[in-house]
Amino acid sequence: LRLENGEVMNLSESQEGIVVGQKDIKYSGTRSSVVNLGKIQNLELSTPKGGQYQVLLSDGTKVWLNAASSLKYPSQFVDSVRQIELSGEAYFEVAKNEEKPFFLVSNGQTIRVLGTSFNVFAYQDEGVVKTTLIEGLVDIRKNNYAEGTRLYPGEEALLNTTGNLK
């Protein structure tokens with residue numbers, strides 16, 4: 001876990017995940033703090049090759065981060081939107097909040113979500129970004145483009161290195 005000031009904290013492999021609270025971060029199912037945040041800050045959770053980790057974001061969104069992946073997110077969502085960044089692969093169960101839409105930026109695409117479950121495969125060296133919708137609806141667009149595509153449950157979108165979104 002990398003804090004905004006650059007400090008890196010190695011999280012316990014014996015714990016399955018962390019919970020981001022108002023002023024601190026705890027291991028899932030425990031009361032003891034991993035770190036006291038003191039203020040709202042930008043965080044980055046990274047997993048090594050072969051590793052996996054879970055994070056419960058401050059809005060109630062659950063993320064399962066796969067091997068060799070990283071997730072950038074604020075400790076608290078204070079803006080009118082909830083936006084995070086992914087490099088690698090993760091499964092999301094996004095907490096519904098129609099007043100604060102959820103945006104995921106990953107390797108050339110942006111996904112807009114109101115509350116749903118989906119998987120994103122966005123490793124830099126793979127040449128393709130795959131988004132698979134489990135339930136709900138998501139809108140996907142290439143970064144910096146207004147138009148995109150809508151996914152329905154069971155559908156998958158592919159964004160390749162040439163910029164084609166299918």
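This passage describes the nonpolar core, the largest pocket and several individual residues of a predicted model. Because the model is predicted, local features are reported at pLDDT of at least 70 and side-chain atom pairs count only at pLDDT 80 or more, whereas totals for chains, interfaces and linings use all residues. Residues are numbered from 1 along each chain as its sequence is written, and side-chain values use heavy atoms, with hydrogens and water left out.

The largest nonpolar core, a nonpolar core being a set of buried Ala, Val, Leu, Ile, Met, Phe, Trp, Tyr and Cys residues joined through side-chain atoms within 4.5 Å, comprises 40 residues. Buried here means under 20% relative accessible area, exposed means over 50%, and partly exposed lies in between, as computed with a 1.4 Å probe on protein chains only. The residues with the most contacts inside this core are Leu1, Tyr73, Phe92 and Phe118, and its largest share, four residues, is supplied by strand β8 (residues 82-93). Helices (H or I, at least four residues) and strands (E, at least two) are DSSP runs, numbered from the N terminus. When neighbours within four places in sequence are left aside, phenylalanine 92 is in contact (heavy atoms within 4.5 Å) with Lys62, Val63, Leu71, Ile84, Leu86, Leu104, Thr116, Ser117, Phe118 and Val120.

Alanine 157, in strand β15 (residues 156-160), counts as buried because its relative accessibility is 0%. Its C-alpha atom is separated by 5.7 Å from that of lysine 130, although the two residues are 27 residues apart along the chain. Beyond the neighbours within four places in sequence, alanine 157 is in contact with Val129, Lys130, Thr131, Ile140, Leu151, Leu165 and Lys166.

Two polar residues in loops were also examined. Glutamine 76, in the loop between β7 (70-74) and β8, is classed as buried because its relative accessibility is 11%. Its side chain reaches the backbone oxygen of glycine 21 at 2.7 Å, and, not counting residues up to four places away in sequence, glutamine 76 touches Gly21, Gln22, Ile40 and Ser58. Serine 69, found in the loop between β6 and β7, is likewise buried, at 3% relative accessibility. The side chain of serine 69 reaches the backbone nitrogen of glutamate 89 at 2.8 Å, and among the residues that serine 69 touches are Leu45, Ser46, Thr47 and Tyr123.

Positive phi values in residues other than glycine occur at alanine 68, where phi is near 50°, and at asparagine 107, where phi is near 45°. Alanine 68 lies in the loop between β6 (62-65) and β7 and is partly exposed at 37% relative accessibility, whereas asparagine 107 lies in the loop between β9 (102-106) and β10 (109-113) and is partly exposed, with a relative accessible area of 29%.

The largest pocket was defined on a 1 Å grid over the protein atoms alone, as an open set of points where a 1.4 Å probe fits, with protein on both sides within 12 Å along at least five of seven lines; its lining residues have an atom within 4 Å of a point. Its volume, the space filled by probe spheres set on the points, which are joined across faces, edges and corners, is about 350 Å³. Of the 17 lining residues, Leu11, Ser46, Thr47, Pro48 and Tyr53 are the closest to the centre of the pocket, and strand β4 (residues 42-46) gives the most to the lining, with three residues.

How values were computed
Polar contact = N/O pair within 3.5 Å; in protein donor to acceptor, adjacent residues only side chain to side chain.
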